[in-house]
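Student: Please take one part of this model and go through it closely. I would like the reasoning spelled out along with the values.

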Amino acid sequence: MSAETVVVNDVGPRDGLQNQPRVLTPAQRLQLIEALVAAQVKHIEVGSFVSPKAVPAMAGTDELFAQLPAGDIEYSALIPNRKGYELAKLAGVRSMVLVVAASNTMNEKNIRMSTDDAMAVCAEVLSQARSDGLAMQACIATAWECPFEGAVDAGVVSGLAARLLEHGASRLVIADTIGAANPAQVRTLMQRLVNEVGAGKLTCHFHDTRAMGLANAYAALEAGIRRFDASIGGLGGCPFAPGATGNVATEDLVMMLSLMGFETGIDLDALIAAGQLAGELTSAATGGRASPWLRRNTHRFARH
Ligand code: COA
Ligand code: ZN
């Protein structure tokens, strides 16, 4: 029997770099993307189309899209509003992720709209994407806990999920933006959403702030989720969500999946090299708890 596939989408070039004290040039960002491509990562979030005043590190994402390595790779970009959609479309982006938070204060802080206004924008942009023939996912941020309002009710997430799909979102990313969820909460919400919308429509996005990133990924796997965001070197964090640290590291997630018998198609040796590059480029201490062990043991994962 062939192994079951899990899709791993590396959001390092976006989530990983948006909050770094060192702002990389588009050429350096491209270098990181090339390293991910060399590791056979087939889903990459390249950047975002947001205000360069709000997030200077993401300026020049349009330039990046013009230079991406060719191949069978889904390159996506995050957008917060209509302007982001127009700019991404102009840059030739075929796959976008529209972000809306589950809590009102987070929306006000992140995209300067109330949840109601953000949902109205979502409806409009999703309908436009549909008529333009572009794939548009929606990301529900702070799906378990908001840094300003605290615990988020699962019913709110479920309601937003249903409306976003009705408006035409191709899939949903359920994000623990600040890394506050625990595995029991992840299991409860993801089981509910799997029942309501189907696992095929769902991606989970975990931050590792409280060292529960991998445990949360495992809980989501058990609930049937087969798509995950992760960030190379565990870089990451949201400039507008106090206390958020890096995403679960792609290296750790791919290692766990591989040891559990799932197929990701990713070359761990080359992935570790990409993680080292991420550290060199950002001068940030990268995560990837298992990286030192992996560097000595990648032969165990060699594909035959
Ligand atoms: N891309 C680039 N520029 C944008 C933009 C976008 N998607 N949306 C708005 N702008 C520009 C406007 O043109 C305007 O520029 P100007 O000052 O040169 O005239 C400026 O941003 C302010 O526009 P306004 O509509 O008043 O936006 P705002 O001040 O309410 O800010 C956002 C809203 C969404 C643009 C801003 O908060 C933002 O980009 N946030 C980033 C969110 C983010 O990346 N979070 C992390 C990932 S979830
Ligand atoms: Zn994130």
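Tutor: A residue is called buried here when its relative accessible area is under 20%, and exposed when that area is over 50%. The model is a predicted one. By that cut-off His205 is buried, because its relative accessibility is 4%. His207 is also buried, with a relative accessible area of 2%. Both histidines bind the zinc ion (ligand 2) through NE2, and Asp15 is a further protein donor, through OD; the donors lie 2.0 to 2.2 Å from the ion. Along the sequence the donor residues follow the spacing D-x189-H-x1-H.

The burial cut-off also serves for helix H7, residues 154-166. At 1.5 Å a residue, the 13 residues of H7 should span 18 Å, and the end C-alpha atoms are indeed 18 Å apart. The buried residues of H7 are Val157, Ser158, Leu160, Ala161, Leu164 and Leu165. Viewed down the helix axis, these buried residues fall within an arc of 165 degrees, so they line one face of H7. The background is that an α-helix has 3.6 residues a turn, so residues three or four places apart point the same way. The elements that the buried residues of H7 pack against are strands E4 (95-101), E5 (135-141) and E8 (172-176), together with helices H6 (115-132) and H8 (183-197).

That leaves the two ends of the helix. At the N-terminal end of H7, Asp153 acts as a cap, with a side-chain oxygen 2.8 Å from the backbone nitrogen of Gly155. After H7 comes Gly168, which has a positive phi, near 110 degrees.

Conventions. Residues are numbered from 1 along each chain as its sequence is written. Chains are lettered from A and ligands numbered from 1 in the order in which they are written. This is a predicted model: local features need pLDDT of at least 70, side-chain atom pairs count only at pLDDT 80 or more; totals for chains, interfaces and linings use all residues. Side-chain values use heavy atoms; hydrogens and water are left out. Donors are N, O and S atoms within 2.8 Å of the metal (3.2 Å for Na, K and Ca); water is not among the atoms, so sites may look incomplete. Buried means under 20% relative accessible area, exposed over 50%, partly exposed in between (1.4 Å probe, protein chains only). Helices (H or I, at least four residues) and strands (E, at least two) are DSSP runs, numbered from the N terminus. The expected span of a helix is 1.5 Å times one less than its number of residues. The arc is that of the directions from the helix axis to the C-beta atoms. Contact means heavy atoms within 4.5 Å. A polar contact is a pair of N or O atoms within 3.5 Å; within protein, one must be able to donate a hydrogen and the other to accept it, and residues adjacent in sequence count only if both atoms are side-chain atoms.
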